[in-house]
Amino acid sequence: MGPLPKNFCGRLDEAGFGRIQVWDFGFRSLQREYARLFFLGAVVAHPLKAARGIRRYRQFIRDNKGGTAGYSRFVSLPDEAVFLERARARGRGPLVGLGFCLKPLDSTDPSRSCPSGRPNHDCLFFERREPRPACSDCAIREIGSRALEAGCPVYIMTSAKDIARDFMLPQIRRGVFPAAALVLCPYSVQVIIPPLLICGVDLLLLPYSAGSCADYEQWLRADRGIKDERTTIDGESKERLLGLLAGLNAGAGAGTRSRRFERRGNVFFPVQKKTGDGPALFNGK
Ligand code: SF4
């Protein structure tokens, strides 16, 4: 394939041409495996759902008046109150997705880096109940702990292909993850909205404040696991996410609170404590 019409597609995005703002990403993704996987598994296999999602996406762009500024902050579809209400009504918390780039990384002191490694879905703390020094300074531990209390599955996000395979396709096929609260870079926020809406996901997207990928080249490197920067969540994003989880937690009965995670595939699912279980994984800190 020849050089992509980068500036042209970028201009289409800026203009919100056709009420679509993923022209550039779409053209650059044409020959990528993640695009093929999603297109065949979601759009071709579920054309009515795809048409409904695209309609909803174009409505969102219209309501947003074609601007992109909103992507750098928060996106909630439906709005946060309705998002919370629907999650409560389902009795199932949203999938909480956290990028692998949030994992601690310290090139001078390996003991301060995530013991599970970086570009993967693993978390020793969730799996084995063995906190290491790096875990005390890890947003995945902190947010994952609250997600567990609120009964939400947690997914450490890596590549677009894995996100399609682990989360989006199970949702469009079987309705496994009808809602998701994802923390990711502003660039990803813009491009993940259409596939999420095609899959019929209620979404709350919260951007990183530092260390995030700013363009397709950086995004593609991170998608391949090459990411030297550690990302951080800004105070407002964290407050909103923790507020949502507290709202879900408050709505759950005390006897139904989850006490540990069980890993199924690449997702950590909350399970309630059974008689004979060891100590709770988290103490709410
Ligand atoms: S809490 Fe999990 S992801 Fe965070 S440093 Fe510990 S093992 Fe790594």
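The following legends describe close-up views of a predicted model of a protein chain with a ligand.

**Figure 1. Overall content of the protein chain in the predicted model.** The protein chain comprises eleven helices and eight strands. Of its 285 residues, 40% count as buried. Among contacts between residues at least 6 apart in sequence, 66% join residues at least 24 apart.

**Figure 2. The contact between helix H3 and helix H8.** Helix H3 spans residues 33-44 and helix H8 spans residues 160-174; their axes come within 9 Å and cross at roughly 10°. This angle is under 35 degrees, and H3 is therefore roughly parallel to H8. On the H3 side, the contact is formed by Glu 33, Tyr 34, Leu 37, Phe 38, Gly 41 and Ala 42. H8 contributes Ala 160, Lys 161, Ala 164, Arg 165, Met 168, Leu 169 and Ile 172. By class, the residues of this contact comprise nine nonpolar, one polar and three charged.

**Figure 3. Packing of helix H4 with helix H9.** The axes of helix H4 (residues 47-63) and helix H9 (residues 186-198) lie 7 Å apart, and the two helices pack at an angle of about 140°. At this angle H4 is oblique to H9, and the crossing of the two helices is right-handed. From H4, the residues Lys 49, Ala 50, Gly 53, Ile 54, Arg 56, Tyr 57 and Phe 60 meet Ile 193, Pro 194, Leu 197 and Ile 198 of H9. Eight nonpolar, one polar and two charged residues make up the contact of H4 with H9.

**Figure 4. The surroundings of Ile 192.** Ile 192 belongs to helix H9. Because 24 other C-beta atoms lie within 10 Å, Ile 192 is buried; the cut-off for this class is 20 or more. The C-alpha atoms of Ile 192 and Ala 160 are separated by 9.4 Å, although these residues are 32 residues apart along the chain. Ala 160 is also one of the H8 residues in the contact with H3.

**Figure 5. The shell of residues around the ligand.** The ligand has 14 residues around it, of which Cys 114, Cys 123, Cys 135, Cys 138 and Arg 141 come nearest. Two elements, helix H6 (124-128) and helix H7 (139-149), give two or more residues to the shell. Ten residues of the shell are nonpolar, one is polar and three are charged.

Definitions and conventions:
Residues numbered from 1 in each chain as written. Predicted model: local features only at pLDDT ≥ 70, side-chain atom pairs only at ≥ 80, totals over all residues. Helix = DSSP H or I, 4+ residues; strand = E, 2+ residues; numbered from the N terminus. Buried ≥ 20, exposed ≤ 12 C-beta atoms within 10 Å, placed from the backbone. Contact = placed C-beta atoms within 7 Å. Axes fitted to C-alpha atoms, helices over the stretch in contact; angles between N-to-C directions. Parallel < 35°, antiparallel > 145°, perpendicular 65-115°, else oblique. Nonpolar A, V, L, I, M, F, W, Y, C, P; charged D, E, K, R; others polar. Near = placed C-beta within 6 Å. Left-handed = near helix turned anticlockwise from the far one by under 90°.
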